[in-house]
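Colleague: Before we go through the assignments one by one, could you put the model up, so that each term can be set against its cut-off?

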Amino acid sequence: MSTQNKDLRCGLIGEHLGHSFSPIIHSQLANYSYELFELVPSELKDFMSSGRLDAFNVTIPYKKAVMPYLDEISDEALLIGAVNTVVKKKDGKLIGYNTDYFGFSYMIDVLGVEIKGKSAIVLGSGGASATVCAVLSDRGASKITVISRGGKDNYENLHLHYGAEIIVNATPLGMYPNNGISPIDLKKFTNCKAVFDLIYNPSRTRLLLDAKKLGIPHINGLSMLVAQAAKASEFFTGNKVDGESIKKIIEDISAKTENIILIGMPGCGKTTVGKILAEQTDRKFIDADEEFSKHHSMTPAEAITSLGEERFRELEHETLSRICKESSAVIATGGGVVTREYNYDLLHQNGRIVYILRDIDKLSREGRPLSQNSSLQKLFEARKDAYIRFSDIMIESTEIPELTAKKIIDAINKKETE
Ligand code: NAP
């Protein structure tokens, strides 16, 4: 990284930027400063004339709104009708570009799906949808239909498009904090060859989890986000960003934001190992049982005794729905989460699931009603297949929690390089 751009003042403007990944991406692209500016619409005009930044990115809801303040707009941005990158030239003129075009093209290349000759539907008719349509058209899609709530093609007559081969979600449906919802029932699209979801938080939206189950090639929006930032950085500095750097940043962010979810029998060491893992991987630690107790003013053990297991599982699912939306966390789950298949998607939406296997006679039994009331061996027999089915990685516990944590980190790093 060169030092010549360190005085450049860059940033991002938008209305809600709380969960933006842009600062972390730009910090890896170059060494200019990169600040977030949350503006309400009435503040946009003053900001545009303030000269506070030398170059900046623009996000929802200002990609169109900045255009009247610019002195020049690139052909691509004019065609798409949206600007996401603004650069102030030496003479003070503001030039607008659209780097989302490059970002979505990059995303298609990462998935490696041929667009030429295929029919596509694009969900949503906002700024990102216009970019997606331009790229799909340039790549030779045979037909592109925008599905818009108020348009001619909408969610009421979606059956007319069940033959679509390419599906792109350019709506915010399913995005954090409204995880778990999908704009469409993917099963109905029996001819679908690829699903692109522009959302990157969570890393697997409901739509992408469904695509995975149906065996349809799919990809989230992280590669687009990083690629558009790389192109913006080129406009900011004039320096080219190579493909290897883009790839490395995508992998790095994906690894940093992923949750590590620990499953296993009660007393296998999920909490003890989890705390060590969190410290060693710079993640926050969340104990699902503790969160349950805080929220319901009773421990899982008390809930099972007083409400019965079925009701407890429903409440546990609600707790998991909240905590699994987080990113960059180690989450220790209760031993029975795998007994309910519907918990799988929740755990998997942002996380890698690690099964800690421990000998039955070494499990800690303190304060665990299910462990005491039924034979642990029977419980294990009933759950063991589900533990394996849920897990991405299986680790045999050691007597030393630090060593078990290290085994987990090694296994995760190994999987990443595979
Ligand atoms: P936008 O301009 O606000 O447009 C979103 C469109 O989605 C709206 O025009 C609307 O279309 C539809 N929509 C909104 N709420 C909806 C709802 N409740 N149900 C169904 N449809 C709804 O936003 P955008 O800039 O196009 O961004 C769209 C999505 O793409 C966002 O999730 C954004 O984070 C993501 N994005 C990702 C990247 C990336 O780099 N990965 C880049 C740009 C955008 P209709 O009114 O026509 O239905």
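Colleague: What makes the approach of the ligand to Gly126 a polar contact?
Modeller: In this predicted model, an oxygen atom of the ligand lies 3.2 Å from a polar backbone atom of Gly126; a polar contact is a pair of N or O atoms within 3.5 Å, so this pair counts as one. The backbone of Ala128 also has a polar atom 2.8 Å from a ligand oxygen, and a backbone N or O atom of Gly221 is 2.9 Å from a nitrogen atom of the ligand. The protein covers 79% of the 910 Å² of accessible area that the ligand has on its own.

Colleague: Which helices supply at least two residues each of the shell around the ligand?
Modeller: They are α5 (127-138) and α7 (222-237). By class, the shell comprises 11 nonpolar, 7 polar and 2 charged residues.

Colleague: How do you know that β7 and β8 pair?
Modeller: Pairing requires at least two bridges, and 5 join β7 (residues 119-123) to β8, so the two strands pair; they run parallel, and Ser119 has Lys143 in β8 as its bridge partner.

Colleague: Why are β8 and β11 called edge strands?
Modeller: In the open sheet of 5 strands, with parallel pairing, the order is β8-β7-β9-β10-β11; β8 (143-147) and β11 (218-219) each pair on one side only, and two strands pair if at least two bridges are found between them, so these two are the edges.

Colleague: Which helices lie across β9, β10 and β11?
Modeller: Helix α4 (residues 100-111) does, running at about 140 degrees to β10, and so does helix α6 (residues 206-214), at about 160 degrees to β10.

Key. Residues numbered from 1 in each chain as written. Predicted model: local features only at pLDDT ≥ 70, side-chain atom pairs only at ≥ 80, totals over all residues. Heavy atoms only, no water. Polar contact = N/O pair within 3.5 Å; in protein donor to acceptor, adjacent residues only side chain to side chain. Areas by Shrake-Rupley, 256 points an atom, 1.4 Å probe, with all protein chains shown as cover. Helix = DSSP H or I, 4+ residues; strand = E, 2+ residues; numbered from the N terminus. Nonpolar A, V, L, I, M, F, W, Y, C, P; charged D, E, K, R; others polar. Contact = heavy atoms within 4.5 Å. Axes fitted to C-alpha atoms, helices over the stretch in contact; angles between N-to-C directions.
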